[in-house]
Every structure is written in C-alpha cells, then in structure tokens.
Amino acid sequence: MTNPLTAYIEGIGLIGPGLAGWPSSHAILSGQQPYQPQKTVIPPPELLPAAERRRCGAAIKLALATSLEAIAAARLDAASLQSVFSSSHGDGHNCHAICEMLASEDRQISPTRFHNSVHNAAAGYWSIATGAMASSSVLCAFDASFGAGLLEVLTQVVIDNTRSVLITGETEYPEPLHNVRPLPDALGIALVLAPQQSQQALAQISMSITNDAADQLDDIALETLRLAIPAARGLPLLRAIAQRKTTRVVLDYLDSTRLAVEISPC
Amino acid sequence: MDTLLLSHFTVTSCIGRGLNQTLTAIRQQRSGLAPCTFDTVDLPIFIGEVNGVDATQIVPELAAFDCRNNRLAQLGLEQDGFAEAVTAAIGKYGAERVGVFIGTSTSGILQTELAYRRRDLVTGALPADFHYGTTQNTFSVADFTRHYFGLTGPAVAVSSACSSSAKVFSSARRMMEAGLIDAAVVGGVDTLCLTTLYGFNSLGLLSTQACRPFDTQRDGISIGEAAAFALLERTPEHLASDAVLLLGIGESSDAYHMSSPHPEGLGARMAMQGALKMANLNPAEIDYINLHGTATQSNDLAESKAVTAVFGNSTPCSSSKGATGHTLGAAGGVEAVICALALQHGLMPGGLNTSEIDPALGLNYLLDNREQPVSRALSNSFGFGGTNCSLIFGRAN
C-alpha cells in the first residue's frame, strides 16, 4: 500500500552510558567487545559562544555532541543541513528548578531558566552554534520519540529531497521527577541522512510501518538500556549498521505500531 | 506541493468556543483579554483565559490524562462537529491511516507546578495522583488526541515554542505526501501556566494592559490559551467554492538568539519567501497577512522589516493577538483558523487595542474590519530559539 521511505546514512553520533562515540561503540554493538556500562560523559560544547556555553544544560550539550560527531563523520557543513530534534523531554534539572521556584514564595525565575525550558532549546542553541538557518522540526513522542524522529527525518529527506540530521536523546531528571520518570542516565543518537547515495554513505535504509515485534538486544545490559531511555530504542538500528549485514530490524514506536527498517551496507 | 484540504476546522480561545462565537467576536471587534485572576498569579497583567476549561470532564477512560491542557483539548475537539468529522475520516481511511500532529509549548506543565506545591514534607516526593507521562510530558496532548479517537497511526507533538502549531502542517504534509497516512488531525493546544506567565515576566515582555500590536506605545504581550484543530485530507477533484486549501509552507531558523528575533527579520523573511515559493505565488497574490504580531517592541519591528522586504507596504495585514492574546504553541493553529474564516467570509479582521500605528513599521495594518473577497492569506508564526513558519491558505475558487 505504501512505498518504504529510502535514504542513506552518512554519519552517526552516539553518546550514552559506556558508549563514548560511534567509532568506539561500533565493536560493542556488533558483539566484538563486551559492553561495560559507565556513567555517560558528555563533552563540553566548544562550538557555542562563551555566553551560551555557560547557560546551557546537559540536554543541549548532548544534542550538540552527538550531532557534531555525525556531521563530522559525514564530512558536511552543519550550516547546510535541515534538522529534526526528537526527545521525550528537555532539560530535567532546569524544569525541576523552575517548578521548585514556582512553588515557593519567590517566583522570580531567571530569563535564562525560562528560555532554556522550551522543548526546542537544543534546536535553538544548535542553530546559533552552527549557523544553520534551514528548517528544524522539534518533536516529542514520550517513549516513542526515537521512532517519531526517524519518521520525520525520513519524510524530510525523501519529500524535501534534502539532507537532514536527526538529533535524538534524553538526559535524566533529578528527584522528585526522577521517581515518576526514572531515566538512569543520558543517551543520544544522531544520524545524518541523505536522499542519494554518496561516497560517505554507510548504509541504505528503507523504512515502513509494521505491527511486527520489536527487535531486542542480546546483551542484557544493553537491552535494559534500550528499554530505559527513549533514544536507546534506536540501538538495534545502530547494531545492524555495526554488523555490516543486509538485514531487517523492527524498532519500537507507539504501542503495537512499530517501524521496520531494511538495512544494507554501502 | 500538492495542495491539501482543510476539510474541517475549529478553534476555542478566550474570544469564543467554536467557529460561530469566534466569527461573531471578530465581527464585533471584541477582545477576550482581561485582568489576570488565574490561579495564584500576582502579576498586574492581562490574559486571555478560556471560560469553563476546568469544568470540562475528561472522558472516564482517559482519566490519567486529566489536566488543564487536555481538558481544553477535549473542549476544542468537541466544537463544530470536529470530533464527528475525525470519526468519519477514520471510517473512510482506517485508524492507522489518520495521523496526529499537535503543537504545544508547555503541554500539561501546570499539573507539575501544582504537584510541586503538594510534595511530601519528609521525602520531597510528588503526590501519588500525579501522572507525569499523561499530563506534564510534551507528548501528552497528542497522545490524548490519539487515544480520544482510537488512532493507531503516526502521532507526535511538535514543540518549537510559538511556531509549534504552524509547523504541524509541515510534518503532516510531508507524511501525507510520503503516503504513510491519508488524513491528519493537526492543531495546537496551550494553556495558562505559571512557567510562561512568570517566565515572560522575567524577560520584561508582559504588558500591564491588553497587548497593542504594532502600536507606537506597544509594550509587550498578553498571554492567552487556546485549542485549534484542522482535519487535513488530500484535495479532491470537486470542491465547494469556499473550501480552504493549504497552498504553501515556509520554515526557517534565525540562528541568532534564544529569545530575541533576528533584528532584520532575516529568518522570518526566509519563511515567507519559502511559503510563496512552495505555493508558486508572487507576493502580490497574497490578499491578507495574519501577522505573528506579539506586541513586543522587537517582534513587531523585526516582523515589519521582513514583511515589507517581501511584500512592500500595501498588503493588508493585522495581528489577532489583541483579541486572543498570544496563545504560544496554539497560536499557529488559532491563526490558521482565523485565516480560514477570513477566506470563507471575505473578512479581514482589524487588529484590536492599537490606537496609533507605529509609523516606523511601514505596514498597511488594519484597525477596522474590512469586508472584501480574500482569495489567499498568509499566516506568520515565530518562536523562541529563532524558529519561523509561514503558511499560505487559499479558497478553492
């Protein structure tokens, strides 16, 4: 009934617990090296002007780090790219600080706290850092945020016939919100996608909607991570790319609506 | 682009529930802005509060979604036969072939703000009746809409601050063109909360009176709340002459500052030019512009520069914010519906509360309603983080 959406992955960025960038995570995801969970380390946002660097929280730093890794791997200029940001939530620490102040006698939250509270804060800082003036879609679909982002970026790439970067990730909430949204740590994935095959293409992907069961990860710790952080629902796709096999993976999306992705290495 | 049909649409804001009340308020040039008595807010400001939101009972099976934002969403969905139209579309296309794209800035954050007042004194825990995922989370209002209709296709919240519910049209358009869905429920819902009231106050951007877009004395925004929805379908061969079509969309990013627009309106200009290009129209073919027009010094100045750069200074234009207030993530949806009413009824709404148009801005800004045929209207929506979206709507004939 519907033709699959086909695009080429040209660059990958990955940061998470025990996953410090795509090159070093490659062997872990393909099963050649054991996975050893460690606290996520998010590099500082060198690209931001000093004033913005001081003001931004972990969610923004994570988005910058993963996206810039993916864009550098694709040997592209970020300023030329459309973008899709998809996350279950923004800066959890900032949200907590605002809610705490608003429940107190002194409700005078700071301007920086307020503009950092918008869901598109990362997209705003990213465009300031990169100079990208093209369209940016900023999405949220709770636990389905990776799938929602992948759908959006593929429709951008195919329908707008342009390159686009998907930037997806979450950071943890502090208490008391952590108790109601218990993300254990930060994890982000970025993918640069192109409508046509080029020299830097890593894999061709073709996506369609399915009700088939989602793929799980063999390693118990990685599978726990996949289920614990919304962006990690994309890890089976990265594993298939790391394995360099022609294969099909099914990714979690909404309830029984899932995304089937045919992958072939370039 | 292939044009899309807005087969049904509705809006609920402080000027009225549904299209009839909204149209009447526009004809009467009546503003819904009033001094703020919301919750415990102690700011000397005007707001656009929708009456009866908290009296709305969320359908029992979706009780976990109960919060002010989803109450307003349900109130909005139940006006103008909109819910029935969506149900009919589901019958026609299937529950998996109707997508949901809802813009919101703050979703149900008010629920969290209230829960923080009831933290456990010993442990600091939030109360047990607080449901994060179905209220606070940004997706909540899109997820509520999806469950309300029993939809199983793609669903997402678009949250790019004050451009959110303009940009939903773009995501839906691409997904329809890709053949993943046959129809889309698009819209925007945002409700009053302390985060935005005290947040905009911290930026010094709230007026102490009903906002006055493009006035010499303009001094800030009035925050409102609203729910607006449209059902998008592919344009059929035969159309009523007053059918409203989506003709073009333009999007851009300022890449300039988190909370100030580009001073020359560069991103805004790119968005308008992008929409014209996609619609294959010349600037002279736009009859009316519904401006973003927030009534801050910087927005109205930057938007004026952008509009005059693209359109010159003769195209009739106005801002709806003096009537509805700035409904933030719902503004794009509200103003899309106002454009649809302008097209169907040949009515360009005059901007309210403005007594002296700022001559430095150089726009043909309407203060009175103008009754004349409107074939094509452009709507601007801009937001924090430098996000811009322009939409062009047109009559079928």
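**Where chains A and B meet**

Analyst: Across the chain boundary, A:L139 sits opposite B:V158 of β6(B). This is a predicted model, where local features need pLDDT of at least 70 and side-chain atom pairs count only at pLDDT 80 or more, while totals for chains, interfaces and linings use all residues. Residues are numbered from 1 along each chain as its sequence is written, chains are lettered from A and ligands numbered from 1 in the order in which they are written, and side-chain values use heavy atoms, with hydrogens and water left out.

User: What makes strand β4 (residues 136-140) of chain A and β6(B) a pair?

Analyst: Two strands pair if DSSP finds at least two bridges between them. Here 2 bridges join them, running antiparallel, so they pass. Strands themselves are DSSP runs (E, at least two residues), and helices are too (H or I, at least four), numbered from the N terminus.

User: How do you know how much area the two chains bury?

Analyst: Buried area is the accessible area (1.4 Å probe) that two parts lose on being put together, summed over both. For chains A and B that comes to about 5000 Å², with 63% of it on carbon and sulfur atoms. On chain B's side, B:Y116, B:R174 and B:M258 lose the most, together 15% of what that side buries. Counting contacts (heavy atoms within 4.5 Å), 64 residues of chain B touch 57 of chain A.

User: Why is the link between A:E100 and B:R119 called a salt bridge?

Analyst: The term needs a side-chain nitrogen of Lys or Arg within 4 Å of a carboxyl oxygen of Asp or Glu. The closest N and O atoms of A:E100 and B:R119 are 3.4 Å apart, so the pair qualifies. Between the two chains the count is 5 salt bridges.

User: Why is A:Q82 called buried?

Analyst: Buried means under 20% relative accessible area, exposed over 50%, partly exposed in between (1.4 Å probe, protein chains only). A:Q82 has 13%, so buried is the right label. A:Q82 lies in strand β3 (residues 82-86) of chain A. Beyond four places in sequence, its contacts include A:A134, A:Q156 and A:V165.

User: What makes A:Q82 and A:D160 a polar contact?

Analyst: The rule wants a pair of N or O atoms within 3.5 Å; within protein, one must be able to donate a hydrogen and the other to accept it, and residues adjacent in sequence count only if both atoms are side-chain atoms. The side chains of A:Q82 and A:D160 are joined at 3.5 Å, so they make the cut.
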